[in-house]
Amino acid sequence: MTAAKFRLASATLLMLASLGATAQTKDIVVDGQGEVPYVVDQRNVVTRSGFDLCWRTGYWTPAAAGTVKAGELPVGCQCDKDVVGTDTCVPATARGAAGAPAAAAVAAPAAAAKCDFSVNLSADSTFAFNKATLTASAKATLDNAVIAKLGSCAAVDSLIITGHTDRLGSQGYNQKLSEKRADAVKAYLLGKGVKAANVETMGAGKTQPIKGCDDKLGRKKLIECLAPNRRVTVDVKGPAK
């Protein structure tokens with residue numbers, strides 16, 4: 001996806017995310033070179049949710065988060081430091097100073113265990129065309145990959161559900177459909193006992209596809225080909241027990 005498309009997608013996402021914002025935080029400005037793994041606005045500022053989490057694009061990978069720069073350090077150092085790694089997020093000047101002989105070595109305290117994970121309703125768990133109804137496979141995935149894992153969390157700081165659609169149809173229609181898909185997952189999780197306090201839903205519409213298909217396929221085969229884009233992602237963050 002080109003930088004222009006990222007910026008177009010971010011306009012809608014930034015407006016929605018800002019509704020839940022509770023505090024003004026320092027902007028994360030990326031250099032704008034290469035494939036940016038997070039949604040950015042026209043200023044190249046990373047869009048964040050009401051829980052101050054950076055919105056990932058469909059092309060996010062740990063490698064991309066650790067490569068694209070936001071100033072001196074990779075953008076992932078401010079968005080996904082636990083994924084990028086502490087060593088990567090140390091400025092070069094600090095690394096040089098750290099290499100000098102030290103009078104005494106002090107062991108750093110062990111980092112607290114985390115209960116952070118992401119789940120993507122894909123493959124057999126995707127939504128039917130133009131539908132927001134969970135399949136039996138999707139419910140099983142939520143049971144096994146989300147609800148079961150929540151049992152290992154001491155608390156849930158945030159649980160973000162993002163709905164997606166394929167590219168067929170208008171932006172406005174797909175925005176509403178993506179929100180309905182996110183709401184369907186939320187309703188299922190709440191019905192299973194997940195507390196609503198830290199659950200946030202988001203609709204990305206058709207702005208973050210993970211698969212492209214040729215229009216020459218014909219409508220029926222095109223709809224089948226685009227199925228991976230009709231999905232929902234669930235991102236959880238919190239401390240482990």
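How many residues does helix α7 have, and how far does it reach from its first C-alpha to its last? In this predicted model, helix α7 spans residues 171–191, which amounts to 21 residues, and it reaches 30 Å from its first C-alpha to its last, close to the 30 Å expected at 1.5 Å a residue. Besides this helix, the briefing covers an open sheet of four strands, the largest pocket, with about 530 Å³ of space, and two asparagines that have a positive phi, Asn44 and Asn130.

**Helix α7**

- Buried residues of α7 are Asn174, Gln175, Leu177, Ser178, Arg181, Ala182, Ala184, Val185, Tyr188 and Leu189.
- As background to reading such a list, an α-helix has 3.6 residues a turn, so residues three or four places apart point the same way.
- Just after α7 comes Gly193, a residue whose phi is positive, at about 105°.

**The four-stranded sheet**

- The strands of the open sheet follow the order β3-β6-β4-β5, and their pairing is mixed.
- At the edges stand β3 and β5, the latter covering residues 199–203, and each of these two strands pairs on one side only.
- From one strand to the next, the twist averages 15°.
- Helix α6 packs on this sheet, where it touches β3, β4 and β6, and the direction of α6 makes about 175° with that of β3.

**Strand β6 and its partners**

- Strand β6, residues 232–237, pairs with strand β4, residues 158–163, in the antiparallel sense over six bridges, and β6 also pairs with β3 in the antiparallel sense, over five bridges.
- Within the pairing of β4 and β6, Ile161 stands opposite Val234, while Gly163 stands opposite Val232.
- Val232 of β6 is also the bridge partner of Leu121.
- Five of the six residues of β6 are buried, which leaves this strand mostly covered.

**The largest pocket**

- The space in the largest pocket comes to about 530 Å³, and its lining is made up of 27 residues, of which Arg56, Thr57, Ser118, Thr233 and Asp235 lie nearest the centre of the pocket.
- At least two lining residues are supplied by each of α4 (81–84), β3, β4 and β6.
- Strand β6 contributes five residues, the largest share of the lining, and β6 is also the strand that pairs with both β4 and β3.

**Asparagines with a positive phi**

- Most residues other than glycine have a negative phi, and against that background two asparagines of this model are worth a look.
- Asn44 has a phi near 70°, a positive value in a residue other than glycine, and its place is in the loop between α1 (3–19) and α2 (62–65).
- Is Asn44 buried or exposed? Asn44 has a relative accessible area of 13%, and it therefore counts as buried, the cut-off being under 20%.
- Asn130 is not a glycine either, yet its phi is positive at about 65°, and this residue lies in the loop between β3 (117–121) and α6 (136–150).
- With a relative accessible area of 38%, Asn130 is partly exposed, because that value falls between the 20% below which a residue is buried and the 50% above which it is exposed.

Terms used: Residues numbered from 1 in each chain as written. Predicted model: local features only at pLDDT ≥ 70, side-chain atom pairs only at ≥ 80, totals over all residues. Heavy atoms only, no water. Buried < 20%, exposed > 50% of the residue type's maximum accessible area, 1.4 Å probe, protein only. Expected span 1.5 Å × (residues − 1). Pairing = 2+ DSSP bridges. Axes fitted to C-alpha atoms, helices over the stretch in contact; angles between N-to-C directions. Contact = heavy atoms within 4.5 Å. 1 Å grid on protein atoms, 1.4 Å probe; cavity = no way out; pocket = protein on both sides within 12 Å on 5 of 7 lines; lining within 4 Å. Points joined across faces, edges and corners; volume = space filled by probe spheres on them.
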